[in-house]
Number of protein chains: 4
Amino acid sequence: MKAESKILARFNAVRKRTLEICSALERDDFMVQSTEDASPPKWHLGHTTWFFETFLLKKYLERYREFDEKFRGIFNSYYNTLGYFMPKPSRMLLSRPSLETILEYRRYVEGRIVDLFQERKNANQDEIENLVLLGINHEEQHQELLVMDIKENMFHSPFRPGFGAWHSRRGKAGKLGWVEFSGGISSIGADRGGFSFDNERPRHKTYLYPYMIATRLVNNGEYLAFIHDGGYENPAFWLSEGWSLISREKWKMPHYWEKHGDNYYVFTPGGMKEINKEDPVCHVSFYEADAYARWAGCRLPTEQEWEHAFSSMNSRPKRMEYTWHPSVQSSNDGLQGPGECWEWTSSPYLPYPGFTPLSGALGEYNGKFMSQQMVLRGDSAATPPGHSRVTYRNFYHPESRWQFAGIRLCRGPEHD
Amino acid sequence: MKAESKILARFNAVRKRTLEICSALERDDFMVQSTEDASPPKWHLGHTTWFFETFLLKKYLERYREFDEKFRGIFNSYYNTLGYFMPKPSRMLLSRPSLETILEYRRYVEGRIVDLFQERKNANQDEIENLVLLGINHEEQHQELLVMDIKENMFHSPFRPGFGAWHSRRGKAGKLGWVEFSGGISSIGADRGGFSFDNERPRHKTYLYPYMIATRLVNNGEYLAFIHDGGYENPAFWLSEGWSLISREKWKMPHYWEKHGDNYYVFTPGGMKEINKEDPVCHVSFYEADAYARWAGCRLPTEQEWEHAFSSMNSRPKRMEYTWHPSVQSSNDGLQGPGECWEWTSSPYLPYPGFTPLSGALGEYNGKFMSQQMVLRGDSAATPPGHSRVTYRNFYHPESRWQFAGIRLCRGPEHD
Amino acid sequence: MKAESKILARFNAVRKRTLEICSALERDDFMVQSTEDASPPKWHLGHTTWFFETFLLKKYLERYREFDEKFRGIFNSYYNTLGYFMPKPSRMLLSRPSLETILEYRRYVEGRIVDLFQERKNANQDEIENLVLLGINHEEQHQELLVMDIKENMFHSPFRPGFGAWHSRRGKAGKLGWVEFSGGISSIGADRGGFSFDNERPRHKTYLYPYMIATRLVNNGEYLAFIHDGGYENPAFWLSEGWSLISREKWKMPHYWEKHGDNYYVFTPGGMKEINKEDPVCHVSFYEADAYARWAGCRLPTEQEWEHAFSSMNSRPKRMEYTWHPSVQSSNDGLQGPGECWEWTSSPYLPYPGFTPLSGALGEYNGKFMSQQMVLRGDSAATPPGHSRVTYRNFYHPESRWQFAGIRLCRGPEHD
Amino acid sequence: MKAESKILARFNAVRKRTLEICSALERDDFMVQSTEDASPPKWHLGHTTWFFETFLLKKYLERYREFDEKFRGIFNSYYNTLGYFMPKPSRMLLSRPSLETILEYRRYVEGRIVDLFQERKNANQDEIENLVLLGINHEEQHQELLVMDIKENMFHSPFRPGFGAWHSRRGKAGKLGWVEFSGGISSIGADRGGFSFDNERPRHKTYLYPYMIATRLVNNGEYLAFIHDGGYENPAFWLSEGWSLISREKWKMPHYWEKHGDNYYVFTPGGMKEINKEDPVCHVSFYEADAYARWAGCRLPTEQEWEHAFSSMNSRPKRMEYTWHPSVQSSNDGLQGPGECWEWTSSPYLPYPGFTPLSGALGEYNGKFMSQQMVLRGDSAATPPGHSRVTYRNFYHPESRWQFAGIRLCRGPEHD
């Protein structure tokens, strides 16, 4: 199979998977936007299509006829360079275009992408393939957002309906162990081989001090110990902005948790369930992750430490006391939760030395968000298979909790 | 036809008309709540049904089986006495129950109301008939709200779709004339014959000074003169809270108006249209109505003056230079606009002397809103035929503009 | 003594009294603005002086030299007609002019007012005397505001210092009795004899139904019974906007009250004191007054009922079971509290039939506030002696509590 | 002179200088808090005294009698470990204690510190000296805050009074040059010799890529070119949160700037002055500094690059085309402005590898603010002489502008 056939096959598979994620939705669920962070599922379907139309079809397909020029503004997420876009909180107003029209839009654009692959015989082949790859990865990111947003929407419904298959971890999480690294100069970031986002590049050197990183994520049982020890009542564990946040919002436990009597429950794809102490704690903010780590006498890893640790693991698997991302192995039968989750690092989201954004409007894809957000590494049960990698940089504001985010502890260097 | 058959026939007609109002909607339009004042059309369909279930079926129909106990809270609008209700701004979250389920709920409750009429042979006949009448009038109020909310939603759509037949007034509005009244003791309010809301009762005496009331509403052309004369820039015309409001919100014209170049346009059921100067100005707030009146050297009528004038007209039509509510005559072919509109009075919404709210939860229907709202009289093109009457009291906050509200001028008594 | 000498003597006395009210203040207290409702005491001293300068000296005193043209904007309270004024919340920024400069400004303007009385021999004598009278009454209003604002400021100080002599009521409040009135056409409002504000005029007829009014204000003991009966937890007693207010603000008792253990304390001019059950309850909002009345099976009087009752009392004192405003008798040794307080009525603040505002900028004195506020009648322990009268209309937003406001009950007409 | 005499002399000098900074204030100016970022000058006088009382006298001086226990809460800035502190926005309410009392408090505590030095003959000598040094440095930080807050307060006064000597830069700023560094492993941070804050420690290695840093700060003329080129209208130059900020706040120029006609003016210690194009641009937010740099085809330096550059300069001054911090030389005649200013870096404020906060309540001094703030390096005309050093880390939120903050450009590494 030629490279372009492979890409087209992957394009078709990803487009299909997006609709599969929505298969648990009733018709009216496509309209819901329960918080300003989230978007209505309908909008995700339109926006991921708009991406291909805007960055590929309009530029490279001869005689391309735009589906509807009104879509320029309503499915543009945040690209100022492309002109007006609707403010995010008003996406809930989009009863028009209808879901049917959006599905038609999807099919129309998919057909034209096929045309593009068949017809082109020009000099742009590499550029087109790269952009299709980018569009595929973009759509995969929105697949995870769809899961996050659907979960949030369903939680806000008075019916709290389930929306997917779900089974909790079986067996014990096992004792939390530590892996040591000796530090020194280390190389971080993606090189030019294979797909990566611009924010992962360039690969560059960084200096690390000796550190130890935990073999697994903090689990619910451990986090409950923090709660029961007054973790949410003692400012000594908290960054100042975190303490203000939990005081203002009256947070006493992770997002999606509720306490009834003495028991804790959590909202899952299968509905409200009693907490399983062996599952990794998920849906915590950066401030909660940071406070937990301080309470535990540890800290969060930097993203450099995290990447160095996981890169080393792959080349030296024998020394590891744990397997790289075990949840991937068990998540092959659909959307599972609570699975493993993204891991908060202590690193603000910043450009790497020598960072160059993509040219044109796509330069807004990542670079302009490099302020006031924190990097998360790894992936989650909601991440499409194969989407993430060891250099992958996810990022959210430190107060955000609707993404699948958990805690991996780190220690060192020891003080002299 | 017996009284009960008549009521049942009216019940069926009103229920059917509610769905007819929604006939211009696409499926996803039922989910939209574009402002906190409005409710999603879906919700109106459920709530008007809940009203019959709650206040009739549960109380009077033997062995009534509740459709779904979750509906108690989600379709309760504001009755604290009945327990929890969802905060109004979160009605947009109600993707569940689905529209299909709500329509099934409607049919189920309609069937049981028929059962109630057929089976009852007890002492509660009058009470039941009165409550069905109340439910019918309640649903008619929501029919007008549906039109208001749909208009608001469509205006917020980037597509600004039309949603009904519409034709502007043909011909000239005619010169604005005045009718004089000599004042004295007058009786106001509804007596016990025929249906009325509790807030219209009891009929009572009030003392009026001589006054003159305008023969027709202020029209767009006249209102434009106010705008062009700097009406929105001169605080001398405005109540203090009105001036703060228009400064903060940067209002320069009525709601649904837009200025492009030198021309003014208005959103109508037929989409955006150029202003017709002969149409009555509509969708103004109380503060704008009051400021216009002050600019014109007049004032707004009190609700007592208004009711006295229109009651007198019916009995002495010869002296009138105008016809009682001409728009009703021309609105027989469906939802029309801009038709005539509700008329702001200078009267805050207060209990009449001797006012007694309905007993039980229904006491919350009107009485608890008698604070910080202003009375409007008359009716509008969106009011169901036959719903309003000369004693009818509509009420909105003085800053509200999404209801169909216009301006009738008043003058007097002359100063000595 | 000639009329003009009398007025000048009263002018001097009132100006002196303003400073006496401030005698309990330390220097830095003059700068405090603890809420947006209040103004710093310094500002009151400047504004009451600006009033005389603006409406008298600049217009009538030949060759008057303005003290400082910057004062035009900073001491203008809300007169749009006079140009820019500082937003009320920023009055706390006025460290300049200094207190010394403001006191110098006071003396300067007082001297020029004396000049105005001595020099004038022209046709404006009546106009000037009327405006001086208005300025005197205006300053008296600010004397009450000074007391209110100082109380609020001291309450917000962590030291909660006292600021005046204070002694609670001695002895029993006595049983609450009722006085009956038979209704009919009654005349309300001020005629042209003696000083009155424009909002009290013109005197006009109104129709009253039979009613009974309470002989004294509701006292703390009675209000505690309301609290203990769950008054603040039961929405059935509350107007909808009142219920939202107390839910949002978590109000559980009147302003200035605190509960420690089982006891209630209140902030007074003498500092925090245990509640005296015999004292009238004070510093309640309209919503609390209204809810208390509903709980008690009564209602608040309209301002017409109130005025009619108190006017009648003066001419028929023998029939009264109580004395007109007994607190005045005991308040002769300085600022006392809790004394009697203003009495909430159920009447929104509206223009009387035929109301004409003063001409020019002074037309903004009262008229533009006739929206969304409620009328209070009577006076309070903080009102300057002789300032109020039976036609006097005080007004505040229904949620306001920092003014001295209490509850007088009313009943009737009986339902048929 | 013994070490302890030296420290005591410095203590006395710093305490005296704090009052000198306030010498331009009128009495009422001490009460003003014009924004929530600022504190009233009175409060600074109290808080810097409370610091010595709390961390030294209470712990080390035998039989120390607390001045006033109410001061514990009102002069505690943010130390949760020490119990309640007043919310920052309510510091403006502190008319009590009076300014006189606060000055007495200062003298009282100063006397007891002298006692402490004279009486101690125990084992805590080093600890005490370190804490006095910390208190001195703390007070110096508040000296700069005093200048910042006074400037902000005076700017908000309608009189816009000057508050200090001021003269603009004479002569030309000179051409902006570049100094190159070759990168590699560099050591950053303070070692244990001499005073440093905990956030400057430990000294540690970091890896740097080759970079060039500008010889001087961006000046007003250069910044005007950015403005005239549409810098504030083009989202391409801005981080997403910066663009939201300037859109929401309608920022079009630096803080303290105003445009009248075609000319730009700036508020200085000498009042409003026309812009001097040769002066460094000051009072810009991080977002403006970052946007300017992007417009100029450059970037901001990281704090590591900045420190490396300035450390290198000191040891290799011959190679430099510019002098280390020239403004220090010309600021010897009092408070000058606009002088040089702090320099925004691209580095979020984070703990260094191995960071250990001070023990006890003082651990809250710096560590808990290591979130959502950006590091600034250098010093400003408002920084006390000798206070800053090459390892010094100042930090503010990226939207803050009331501190004296300007822009130094950086470039590299070049992309391959």
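**Contacts between and within the chains**

Across the interface of chain A and chain B of this predicted model, eight salt bridges are found. A good place to begin is therefore this interface, where 29 residues of chain A are in contact with 29 residues of chain B. The two chains bury about 2,500 Å² between them, and 61% of that area comes from carbon and sulfur atoms. On the side of chain A, the three residues A:Asp28, A:Arg96 and A:Phe159 supply 32% of the area buried against chain B, more than any other three residues. Ten residue pairs are in polar contact between chain A and chain B, counting pairs with both residues at pLDDT 80 or more. Helices α3 (71–74) and α5 (125–156) of chain A each contribute at least two residues to the side of chain A that touches chain B.Two of the salt bridges can be followed in detail. The side chains of B:Arg27 and A:Asp28 meet with N and O 2.7 Å apart. This pair crosses between chains, running from the loop between α1 (3–21) and α2 (41–60) of chain B to the loop between α1 and α2 of chain A. Both B:Arg27 and A:Asp28 are buried. A:Asp28 has already appeared among the three residues that supply 32% of the area chain A buries against chain B. A:Arg96, another of those three, meets B:Glu26 in a salt bridge of 3.5 Å, N to O. Other chain pairs stay apart: chain A and chain C do not touch, their nearest C-alpha atoms being 14 Å apart. Chain B and chain D do not touch either, and their nearest C-alpha atoms are likewise 14 Å apart.

Over all chains, the whole structure holds 111 salt bridges. One of them joins the side chains of A:Arg27 and A:Glu100, with 2.4 Å from N to O. A:Arg27 lies in the loop between α1 (3–21) and α2 (41–60) of chain A and A:Glu100 in helix α4 (residues 99–119), so this pair ties together parts that are 73 residues apart in sequence. A:Glu100 is partly exposed, its relative accessible area being 43%. Also in chain A, a network of salt bridges links A:Arg15, A:Arg106, A:Glu110 and A:Glu139.

Chain B offers a further example in B:Arg160 and B:Glu258, whose closest N and O atoms are 2.9 Å apart in a salt bridge. Because B:Arg160 sits in the loop between α5 and β1 (178–181) and B:Glu258 in strand β5 (residues 257–260) of chain B, the pair ties together parts that are 98 residues apart in sequence. B:Arg160 counts as partly exposed, at 25% relative accessibility.

The next topic is the nonpolar interior. In soluble globular proteins, nonpolar side chains tend to be buried together. The largest nonpolar core here has 98 residues, and the members that touch the most other members are B:Leu56, B:Ile113, B:Tyr223, B:Trp238, B:Trp257, B:Trp344 and B:Ile407. Helix α5 (residues 125–156) of chain B gives the largest share of this core, twelve residues. At least three residues come from each of domain 1 (3–155) and domain 2 (178–415) of chain B. To see one member up close, B:Ile407 can be taken: beyond residues up to four places away in sequence, B:Ile407 touches B:Leu217, B:Val218, B:Tyr223, B:Val281, B:Val284, B:Ala289, B:Tyr292 and B:Leu300. B:Tyr223, one of these partners, is itself among the core members with the most contacts to other members.

In chain C, helix α8 (residues 286–295) has eight of its ten residues buried, so this helix is largely enclosed by the rest of the structure. The buried residues are C:Phe286, C:Tyr287, C:Glu288, C:Ala289, C:Asp290, C:Ala291, C:Tyr292 and C:Ala293. Their cover includes α6 (220–228), α7 (240–249), β8 (342–348) and β9 (374–377) of chain C. Just after α8 of chain C, C:Gly297 takes a positive phi of about 75°.

Finally, D:Tyr392 shows a buried residue within a loop. D:Tyr392 is placed in the loop between β9 (374–377) and β10 (394–396) of chain D, and counts as buried at 4% relative accessibility. Apart from neighbours within four places in sequence, D:Tyr392 is in contact with D:Gln141, D:Phe197, D:Glu200, D:Trp342, D:Leu376, D:Arg377 and D:His387. With D:Gln141, the contact includes a polar one between the two side chains, at 2.9 Å. D:Gly378 lies 14 residues from D:Tyr392 along the chain, and the C-alpha atoms of the two are separated by 7.3 Å.

Key
Residues are numbered from 1 along each chain as its sequence is written. Chains are lettered from A and ligands numbered from 1 in the order in which they are written. This is a predicted model: local features need pLDDT of at least 70, side-chain atom pairs count only at pLDDT 80 or more; totals for chains, interfaces and linings use all residues. Side-chain values use heavy atoms; hydrogens and water are left out. A nonpolar core is a set of buried Ala, Val, Leu, Ile, Met, Phe, Trp, Tyr and Cys residues joined through side-chain atoms within 4.5 Å. Buried means under 20% relative accessible area, exposed over 50%, partly exposed in between (1.4 Å probe, protein chains only). Helices (H or I, at least four residues) and strands (E, at least two) are DSSP runs, numbered from the N terminus. Domain bounds come from an automatic or database domain assignment. Contact means heavy atoms within 4.5 Å. A salt bridge is a side-chain nitrogen of Lys or Arg within 4 Å of a carboxyl oxygen of Asp or Glu. Buried area is the accessible area (1.4 Å probe) that two parts lose on being put together, summed over both. A polar contact is a pair of N or O atoms within 3.5 Å; within protein, one must be able to donate a hydrogen and the other to accept it, and residues adjacent in sequence count only if both atoms are side-chain atoms.
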